[in-house]
Amino acid sequence: MKKNKCLLSVAMIVKDEEHNIRRALESVKDVADEIIVVDTGSKDRTPEIAREYTDKVFFHPWKNDFSEARNYSLKFPTCEW
């Protein structure tokens, strides 16, 4: 049997979002084929909570440049969109 095509990737850039990340991940878990989380230096439980939803949790230091962090996060999605 042919595996379903990976259509939608969701890539999130986060830092210290333990109070919000669960709600954000819950909102996409049933529509996204893969979830990628790039943590930019959390000191709270953000990475641990993200791992409850995906094994694609990556770390990248915040360099005070959103576009740099975004470009890093775009290395990981494997779906069409």
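In what order do the three strands of the open sheet stand, and is the pairing parallel or antiparallel? The order is β1-β2-β3, and the pairing is parallel.

Before going on, a word on what we are looking at. This is a predicted model, in which local features need pLDDT of at least 70 and side-chain atom pairs count only at pLDDT 80 or more, while totals for chains, interfaces and linings use all residues. Residues are numbered from 1 along each chain as its sequence is written, and side-chain values use heavy atoms, with hydrogens and water left out.

Back to the sheet. Helices (H or I, at least four residues) and strands (E, at least two) are DSSP runs, numbered from the N terminus. Two strands pair if DSSP finds at least two bridges between them. Between β1 and β2 there are six bridges, and one of the partnerships is V14 with D39 in β2. Between β2 and β3 there are three bridges; here V38 has F58 in β3 as its bridge partner. β1 and β3 are the edge strands, each with a single partner strand, so one side of each has no neighbour in the sheet. From one strand to the next, the twist averages 20°. Angles like the ones I quote for strands and helices run from 0 to 180 degrees between N-to-C directions, with axes as lines fitted to C-alpha atoms, for helices over the stretch in contact.

Now β2, residues 34–39. I will use three words for accessibility: buried is under 20% relative accessible area, exposed is over 50%, and partly exposed is in between, with a 1.4 Å probe and protein chains only. Six of the six residues of β2 are buried. E34, I36 and V38 point one way from the strand, and I35, V37 and D39 point the other way.

V37 is worth a stop. Contact means heavy atoms within 4.5 Å. Leaving out residues up to four places away in sequence, V37 touches M12, V14, I21, L25, A50, T54, K56, V57 and F58. V37 also belongs to the largest nonpolar core, which has 13 residues; I21, L25, I35, V37 and A50 touch the most other members. At least two residues of this core come from each of β1, α1, β2 and α2. A nonpolar core here is a set of buried Ala, Val, Leu, Ile, Met, Phe, Trp, Tyr and Cys residues joined through side-chain atoms within 4.5 Å.

Next, the helix α1. Its buried residues are I21, L25 and V28. Seen down the axis, they fall within an arc of 65°, so they line one face of the helix. The arc is taken over the directions from the helix axis to the C-beta atoms. R23 and S27, on the other side of α1, are exposed. The cover over the buried residues of α1 includes β1, β2 and α2.

The helix α3, residues 66–73, has A69, Y72 and S73 buried. These cover an arc of only 100° around the axis, which puts them on the same side of α3. α3 lies across β1, β2 and β3 and runs at about 140° to β1. Those strands, β1, β2 and β3, are among what covers the buried residues of α3.

That brings us to the aromatic rings. Rings of Phe, Tyr and Trp (its six-membered ring) pair if their centres lie within 6.5 Å; planes under 30 degrees apart count as stacked, over 60 as edge-to-face and the rest as tilted. The count by this rule is two aromatic pairs. F58 and F76 have ring centres 3.7 Å apart and planes at 10°, so they are stacked. This pair links distant parts of the chain, F58 being in β3 and F76 in the segment after α3, 18 residues apart. The rings of Y72 and F76 have centres 5.2 Å apart and planes at 70°, so that pair is edge-to-face. Together, ring pairs link F58, Y72 and F76 into a cluster. Within it, F58 is partly exposed at 24% relative accessibility, whereas Y72 is buried at 16%.

One last residue, from strand β1 (residues 9–14): A11. A11 is partly exposed, with a relative accessible area of 34%. Apart from residues up to four places away in sequence, A11 touches I36, S73 and P77. The C-alpha atoms of A11 and V37 are separated by 5.8 Å, although the two residues are 26 apart along the chain.
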